[in-house]
Amino acid sequence: VSTAMQNDVNGAAWSLIDVFKNTDVKYLNMGLHGHRARKPFQRPTAFWWESPAENRLLAFRAEHYQHGNKLRLISGSQDVFCQNLTSYLGSLKEKDYPYDKVALQFSGYVTDNSPPSTKVCDIIKAWNEKYEWPKLRSSLAKDFLMYLDEQHGEEIESRKEAWPDWWTDGVASAANETMQARKTHIDISVTSALLAMIKAQGLETPTDVHPQIETIYDDLLFYDEHTHGAAESIRDPLVENSVNQWNMKSAYIWDAAKRTSMLQEQALAYLESSHPKYYKPTIVVYNTLNWGRDALVKIFIGKETIDEGQPFTVTTTDGEIIPVDVVEQRVEGAYFNLWVEDLPPLGYKTLIVNLNEEKGEEAEVNASAFENQYYRLKFDTARGGVVELYDKELKIDLIDVDSKYPLGTVIHEKLNNRYELERLTSSLRDTVYRPLNQQYAVIQNCRITHTSEGPIFKSIHLHGELPGTVDERGLNLEIRLFKSEKKIDFLYDMIKLQQYDPEGIYVAFPFHLEDGKLSFEVQGGVVSPGKNQMPGSASDWNTIQNFASVKNDDHQIVYVSNEIPLVQFGDLNIGRYYYKLDPVTNHIYSWVLNNYWVTNFKASQQGELKWTYSITSTDDTSDRFAMQYGRNNRTPVPVRLILPGEDDMDQAKGYETLIDLGVPNLLAVNLSPSLDEKGIILQLRETDGDHAILDIRRIKEETGAISIQEVNVLEEVLGELTGPLLIEHYDTRFIKLNFEQ
């Protein structure tokens, strides 16, 4: 396979370039759709698409994937097609199209997901017999790209830019399922790392792991595919086809979530055998990231271990007390939060549950002085948010005092007509912005309901009303100031009423730094809006992987959401369709939900929605800091409660790193068991734009691997590794550690 093709969707993941490295894939064809979207370039354009690591694919921004159909190629009317083709070729000449060949995609019939039609073969034959020029040929997608490569490769320009697509706004039409998809993507990555840890310790491994992982990723792919509804989903949302298609679509994510949960439970059960029992209950906490971290850990402990009201403490094996909070008490047990520090990279830490030992009491918080050693917050309940966020270390306020909306406030947007967003379609390219007919409402009657303080964080709880929410329950917000980490969490909860009229919900984060610039993480790199992204690619909104940030030469604010990937930068940009965005402020607007599409997406949403944000500020302006903060907050730490037994705890380590990369600017993107079940695969990426040297001999000795190989994404062996491996700036490499012959 030499050619990747993406049709309809108008963007692609930057990381594809690095993933395809060392495979036979050299080309990318994009038959993009300009519906509700700008198009990069004014004509079909070939370019070398470069990743931050300077790997590259030859890409072609083609016309619409049914452009041949539009010209009436398959109509059977040769005169009509001749007239249309002549006009089209003339337009290419006017646009200085540089090549003597062009590729036009077509379908056998004028419909998406069309089967082929042999009728076109007869049409092409008849054309070539009648006309001397231009000649037509039915070809494979790769043929035109091979021609470009061989005949024009040296003269084609290079572009080191991300290509975010416009249609990701549709994921917000199913906010609850998208939240679950986002969580499951992280959970399967964590689970794969746990399975790799099992292999690295020489333990017995679960059977049929790869079929289970493949099924989960298939389910995720089918959910993530860009449409979320039937053709008539908006105009007739209650008919059988609309209802059943959505039920089938959403089933993929719930299946993926269930399968991932079961596989993770299986992996933890197999890992338990490596930990000796103690005469007290123990908790093993795993870190699947390749750097040490502190983490908030959530665990369920049954009543048979800790009865309701029973005093207890949790300590490390060295006797250090771990802060613990009760999250939720149930009949059969309780959920607890633990704050665990110094988790070793790609390893674990063991904690001990000490029953019948007293812990400290919770204290009330003074709402008028909601602060800690890191931050001071001031609220304006009339405006429903935070109007001062003062960083005591940096000695600056992080909020734009001129912002219309305070930080954290929820905004409800109502459009009079969703069709106003259809300025850009196949037949209409009206790029002149006209203000939309819309109304905005913010959280009303906001009040502070209560405050609390525990050993991990102090909280302030607010309640208000928002259009479209249920009765007096309205919208709830909890803001947490953490005690042992410079971090603020925002936790939202609302019960949404069904609403078919077009509406959207945002949360405002009007950050400000002097001379600050916005950036966000995409797949495989970091993008500054309107800078290192392709002109004409998604600009009014973007989808972030793990973080967005505001930074200047001295300071950085990092923003993370576990559940909500969509943001608008600088302002509420809906309907503008900027060809290239130049944000005038440092504001970030989280786009929680909408139902703005006219087809193929959900018409309404209802039920309880819970979502969160985490922010921090620092004088570390590196992308590595932001990337690690984002992954720390998005990557959960699996835990295993081990009941008391007779084994000797003195023989066990309180903590251990199972795989030590030992290179701070390397990110272990993914760890998983190898396909042949004889080893594990590490996908590594350099993060700092520097080089990294991986000590292969040390890793081999420490892990007990019998050999280490470099492979590609297909796990095809590229060579044996015996000495230091140099990984250049931003590059992605796949390493296989073999534990069996």
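This tour visits three places in a predicted model.

The model is predicted, so local features need pLDDT of at least 70 and side-chain atom pairs count only at pLDDT 80 or more, while totals for chains, interfaces and linings use all residues. Residues are numbered from 1 along each chain as its sequence is written, and side-chain values use heavy atoms, with hydrogens and water left out.

Select first residues 410-415, strand β17 (strands are DSSP runs of E, at least two residues, and helices runs of H or I, at least four, numbered from the N terminus). Five of the six residues of β17 are buried, that is, under 20% relative accessible area with a 1.4 Å probe, protein chains only. Add strand β23 (residues 503-511), which pairs with β17 in the antiparallel sense over five bridges; pairing requires at least two DSSP bridges between two strands. Strand β18 (residues 438-442) also pairs with β17 in the antiparallel sense, over five bridges. Centre on glutamate 413: glycine 504 of β23 stands opposite, as does tyrosine 440 of β18.

Proceed to threonine 305, in the loop between β7 (293-302) and β8 (312-316). Threonine 305 is buried, with a relative accessible area of 8%. Not counting residues up to four places away in sequence, threonine 305 touches Pro281, Gln310, Leu355, Leu641 and Leu643, where contact means heavy atoms within 4.5 Å.

Finally, select helices α3 (residues 78-94) and α4 (residues 119-130). Gln78, Asp79, Phe81, Cys82 and Leu85 in α3 meet Ile123, Ala126, Trp127 and Lys130 in α4.

Conventions: Buried means under 20% relative accessible area, exposed over 50%, partly exposed in between (1.4 Å probe, protein chains only). Axes are lines fitted to C-alpha atoms, for helices over the stretch in contact, and angles run from 0 to 180 degrees between N-to-C directions.
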